[in-house]
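Open the model in your viewer and keep the sequence panel beside it. We will make a few selections, one stop at a time.

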Amino acid sequence: MIFGGRASFLPTSVDHTAAILHKGLLEVHPHLAGYRIEYAWGGNVGFTFDRMPHVGRRDGVTYAMGCCGTGVALMTSLGTAVGRWIGGGEAPALARLDFPLVPAPYEGRPWFLPFAGELFRLQDRLTARSRAKDPAP
């Protein structure tokens, strides 16, 4: 089983990330409590400003990027579609999307990510609380 997610917006170690994700795994699959994690890894995830994946061509380079946390499944499919496009096939539908750029020049360490992460966590909690009070029929 592969289990992953957004463990932290702050710099962290793979061991710490693995512990956070293991706790989340057990919340979803409590019957796996007796099993150990064999492998853990980490890395950066490519987020776009509109949280949509983007496919396109620029200056002779064809790209598929911005998986926004859904890269394992989505990028496999997009890679196949982009490969067909490079081979002379039709462009993927995502190639028609506009690609919003950073509103101002930005370079450096993303100091704002921990704040954004906490905002998303708050939204997740409020949404879960709202659904618990008024479950769908």
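The tour below starts with the whole chain and then moves through its parts.

**Stop 1: the whole protein**

Show everything as a cartoon. This is a predicted model. Count the elements: the protein has three helices and two strands. Now trace the chain from its start. The elements come in the pattern α-β-β-α-α. The protein has 137 residues, and buried residues make up 16% of them. Look at how the chain comes back on itself, too. Take the contacts between residues at least 6 apart in sequence: 45% of them join residues at least 24 apart.

**Stop 2: helix α1**

Select residues 14-28. This is helix α1, with 15 residues. How far apart should its ends be? At 1.5 Å a residue, the helix should span 21 Å. The end C-alpha atoms are 21 Å apart, so the model agrees with the expected span.

Next, colour the buried residues of α1: T17, A18, L21 and L25. Look down the helix axis. These buried residues fall within an arc of 95 degrees, so they line one face of the helix. Why can residues separated in sequence share a face? An α-helix has 3.6 residues a turn, so residues three or four places apart point the same way.

Now turn to the face away from the buried side. There you meet the exposed residues D15, K23 and E27.

Before leaving, click on T17, which lies in helix α1. Is T17 buried or exposed? Its relative accessible area is 14%, and the cut-off for buried is under 20%, so T17 counts as buried. Leaving aside neighbours within four places in sequence, T17 is in contact with A7 and T12.

**Stop 3: the hairpin**

Select residues 54-58 and 61-65. These are strands β1 and β2, which run antiparallel. How many bridges join strand β1 to strand β2? Five bridges join them. Check one end of the ladder: the bridge partner of R58 is V61, in β2. Then find H54, which stands opposite M65 in β2.

Zoom in on the turn. Two residues sit between the strands of this hairpin. D59 takes a positive phi there, near 50 degrees.

**Stop 4: H54 and D98**

Stay with H54, in strand β1. Show its side chain. H54 has 1% relative accessibility, so it counts as buried. Its side chain reaches the backbone oxygen of D98 at 3.5 Å. Leaving aside neighbours within four places in sequence, the contacts of H54 include T48, Y63, L97 and F99. D98 and P100 are also among them.

Follow that link to D98. Where is D98 found? D98 is in the loop between α2 and α3 (113-133). At 69% relative accessibility, D98 counts as exposed, because the cut-off is over 50%. So this link joins a buried residue, H54, to an exposed one, D98. Not counting residues up to four places away in sequence, D98 touches D50 and H54.

Try a distance as well. Pick the C-alpha atoms of D98 and G56. They are separated by 9.6 Å, although the two residues are 42 apart along the chain.

**Stop 5: the nonpolar core**

Select V55, L78, V82, W85 and L94, and show their side chains. These five residues make up the largest nonpolar core. Helix α2 (residues 71-86) gives the most to this core, with three residues. In soluble globular proteins, nonpolar side chains tend to be buried together.

Finish on L78, in helix α2. L78 has a relative accessible area of 6%, so it is buried. Which residues does L78 touch, not counting those up to four places away in sequence? They are P53, V55, A64 and L94. Two of these, V55 and L94, are members of the core you have just selected.

One last distance: pick the C-alpha atoms of L78 and Y63. They are 9.8 Å apart in space, and the residues are 15 apart in sequence.

Notes: Residues numbered from 1 in each chain as written. Predicted model: local features only at pLDDT ≥ 70, side-chain atom pairs only at ≥ 80, totals over all residues. Heavy atoms only, no water. Pairing = 2+ DSSP bridges. Helix = DSSP H or I, 4+ residues; strand = E, 2+ residues; numbered from the N terminus. Buried < 20%, exposed > 50% of the residue type's maximum accessible area, 1.4 Å probe, protein only. Polar contact = N/O pair within 3.5 Å; in protein donor to acceptor, adjacent residues only side chain to side chain. Contact = heavy atoms within 4.5 Å. Core = buried A, V, L, I, M, F, W, Y, C linked by side-chain atoms within 4.5 Å. Expected span 1.5 Å × (residues − 1). Arc of directions from axis to C-beta.
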